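Me: I'd like to learn how to read empty space in a protein model. Please take me through it.
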Amino acid sequence: MADRKTGSAERLLQAAKEELLANDGYMEMSAVAKRAGASVGLAYHHFGSKTGLIAAVVDQFYTPIREIALGSAIPLAMDWRERERARTAALIQYFYQEPLAPLIAGRLAREPEVLDIERAHMEAVLEAGARNIAQGQKLGILSPDLDPVITVAMLMGGLRQVIDAAIQSDPLPDPDRLCRQLWRLSDGALQLSD
């Protein structure tokens, strides 16, 4: 029975994502339920409200970002500088490939439920990023004068704003060129020593 419940929740999440994409960030619970082959009551049972369902879709969107920033998506065994370049490239690739990214960066960015979910994920990413900056300082790669918390907030804010602008552009900027430009910005801000 638990598998069936999980299956219906996943179908509803996928249907909500499809509805948001098909309708420029708008959706109705009845349309989501119909697309998922479920009742509207089941949608409310799993997610409580339309807001709860949108929040679940956004949470699902941010989970891979946390894996890139916090998990094993980027091998720790890499040289610090190369690992951070790879992390930047992986973030760009994810935002370029995820169909919801332009909606979350654009129209949905103003929705309170999106802001709350994004804030929770970004707090975890910033916390890990500050530890990463401190590690770079211990390794002698980064200037000891940098405040890890302020530095990572500046870098992540800039990175996110640049990626948001890029994914809303038509045509999309070349991802490799964008990565090189972002890394030059990061390189200067981090005062990387050779």
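Reply: Start with enclosed space. The count comes to 1 cavity of 30 Å³ or more. This is a predicted model: local features need pLDDT of at least 70, side-chain atom pairs count only at pLDDT 80 or more, and totals for chains, interfaces and linings use all residues. Residues are numbered from 1 along each chain as its sequence is written, and side-chain values use heavy atoms, with hydrogens and water left out.

Me: What counts as a cavity, and how much space lies in the largest cavity?
Reply: On a 1 Å grid over the protein atoms alone, a cavity is a set of points where a 1.4 Å probe fits but cannot get out. The largest cavity holds about 60 Å³.

Me: Which residues line the largest cavity?
Reply: Lining residues have an atom within 4 Å of a point. Here they are Y62, I65, L91, F95, M122, M156, L159, R160 and I163. By class, 8 are nonpolar, none polar and 1 charged. α8 gives the most, 4 residues.

Me: How much space lies in the largest pocket?
Reply: A pocket is an open set with protein on both sides within 12 Å along at least five of seven lines. The largest one has about 570 Å³.

Me: Which residues lie nearest the centre of the largest pocket?
Reply: A69, E84, R87, G129 and N132, out of 27 lining residues. Two or more residues each come from α4 (50-70), α5 (80-97), α7 (112-138), α8 (148-167) and α9 (175-190). α7 has the largest share, 7 residues. The lining has 16 nonpolar, 7 polar and 4 charged residues.

Conventions
Points joined across faces, edges and corners; volume = space filled by probe spheres on them. Nonpolar A, V, L, I, M, F, W, Y, C, P; charged D, E, K, R; others polar.
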